[in-house]
Amino acid sequence: MKDIGNLNEILFITGNKHKYSEVLPIARSLGFKTVMKPGYKLEIQSDSLEDISITAAIEAYKYLKKPLMIEDAGLFIDALNGFPGPYSSYVYKTIGCDGILKLMMNRTERYATFRSVVTIIYPPFIIVERGECRGSIAYEKRGDKGFGFDPIFIPLGEERTFAEMSVNKKNVFSHRAKAVRKALYKLRKLLEALSDINLNAP
Ligand code: IMP
């Protein structure tokens, strides 16, 4: 990897320490130093994860004026026409995993998708990347790791739920890992190009 000096520092705007622990090893592997910054994520009401992620990033940047990354995710269940989707946070707080299992009782169609949208603001660059993880809703909660709907989500090709996996194993499949990897990889390439231009400037 080319040296990008101290251009590698970036804030990760979240109050969720689980999300941070998932993002940290990915950022490190791409040469970035991430610092968790809670308390700056504005949650607008929208049915688009893109709108939520991009708006939250812009609002956080207005206050912090430092390179930052923000992520918004949701669980889209096929048999429930994509519910809870962009409302996952509210639905988790109100009915939780047990409520979803109840809604899914007697349903044999159990496919679902986790989606993530990552926005990075690192002037002059703005990067928006998406990641998806296809899987199914378990019949009962399993595992005590992770957060949110992890105990009821089984990624395709696995038998364990996310809550039964280590962070590294979850990162092999997860929507967030895919989106973060793509976004930080793109940023790294742009910063390398920027350093080259600056080094070769007359
Ligand atoms: P957020 O708005 O990006 O924090 O995500 C909305 C909600 O979706 C969270 O409160 C979680 O309940 C759920 N969620 C998002 N990503 C995950 C995940 O990786 N595992 C489990 N639940 C998740």
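Biologist: Which polar side-chain atom lies 3.2 Å from an oxygen atom of the ligand?

Modeller: The model is a predicted one. A polar contact requires a pair of N or O atoms within 3.5 Å. Here the side chain of His-175 supplies the polar atom, 3.2 Å from a ligand oxygen.

Biologist: Which residues offer a polar backbone atom to the ligand?

Modeller: Ala-73 places a polar backbone atom 2.8 Å from an oxygen atom of the ligand. For a nitrogen atom of the ligand, the partner is a polar backbone atom of Phe-149, at 3.0 Å. As to coverage, the ligand on its own has 480 Å² of accessible area, and the protein covers 92% of that.

Biologist: Where does the ligand sit, and which elements give two or more residues to the shell around the ligand?

Modeller: The ligand takes up the space of the largest pocket. Strand S3 (68-77), helix H3 (88-94) and helix H6 (175-199) are the elements that each give two or more residues to the shell.

Biologist: How many residues surround the ligand, and how do they divide by character?

Modeller: The ligand is surrounded by 17 residues, and the closest are Lys-19, Ala-73, Asp-150, Lys-170 and Arg-176. By character, the shell contains 8 charged, 5 nonpolar and 4 polar residues.

Biologist: Turning to aromatic rings, how many pairs are counted, and why is the pair of Phe-114 and Phe-162 called stacked?

Modeller: Ring centres must lie within 6.5 Å for a pair, and planes under 30 degrees apart count as stacked. The count comes to 5 aromatic pairs. The rings of Phe-114 and Phe-162 are stacked because their planes meet at 20°, with the centres 6.1 Å apart. This pair links distant parts of the chain, 48 residues apart. Phe-114 belongs to strand S5 (residues 111-122), while Phe-162 lies in the loop between strand S7 (153-155) and helix H5 (167-173).

Biologist: Where are the peptide bonds described as cis?

Modeller: One runs from Phe-83 to Pro-84, with omega near 0°. Pro-84 is in strand S4 (residues 84-85). Another joins Pro-123 and Pro-124, where omega is about 10°. Pro-124 is found in the loop between S5 and strand S6 (125-137).

Biologist: Which residue has a positive phi although it is not a glycine?

Modeller: That residue is Asn-81, whose phi is about 55°. Asn-81 is located in the loop between S3 and S4.

Notes
Residues numbered from 1 in each chain as written. Predicted model: local features only at pLDDT ≥ 70, side-chain atom pairs only at ≥ 80, totals over all residues. Heavy atoms only, no water. Near = heavy atom within 4 Å. Polar contact = N/O pair within 3.5 Å; in protein donor to acceptor, adjacent residues only side chain to side chain. Areas by Shrake-Rupley, 256 points an atom, 1.4 Å probe, with all protein chains shown as cover. 1 Å grid on protein atoms, 1.4 Å probe; cavity = no way out; pocket = protein on both sides within 12 Å on 5 of 7 lines; lining within 4 Å. Sits in = over half its atoms within 2 Å of the grid points. Helix = DSSP H or I, 4+ residues; strand = E, 2+ residues; numbered from the N terminus. Nonpolar A, V, L, I, M, F, W, Y, C, P; charged D, E, K, R; others polar. Phe/Tyr/Trp six-rings, centres within 6.5 Å; stacked < 30°, edge-to-face > 60°.
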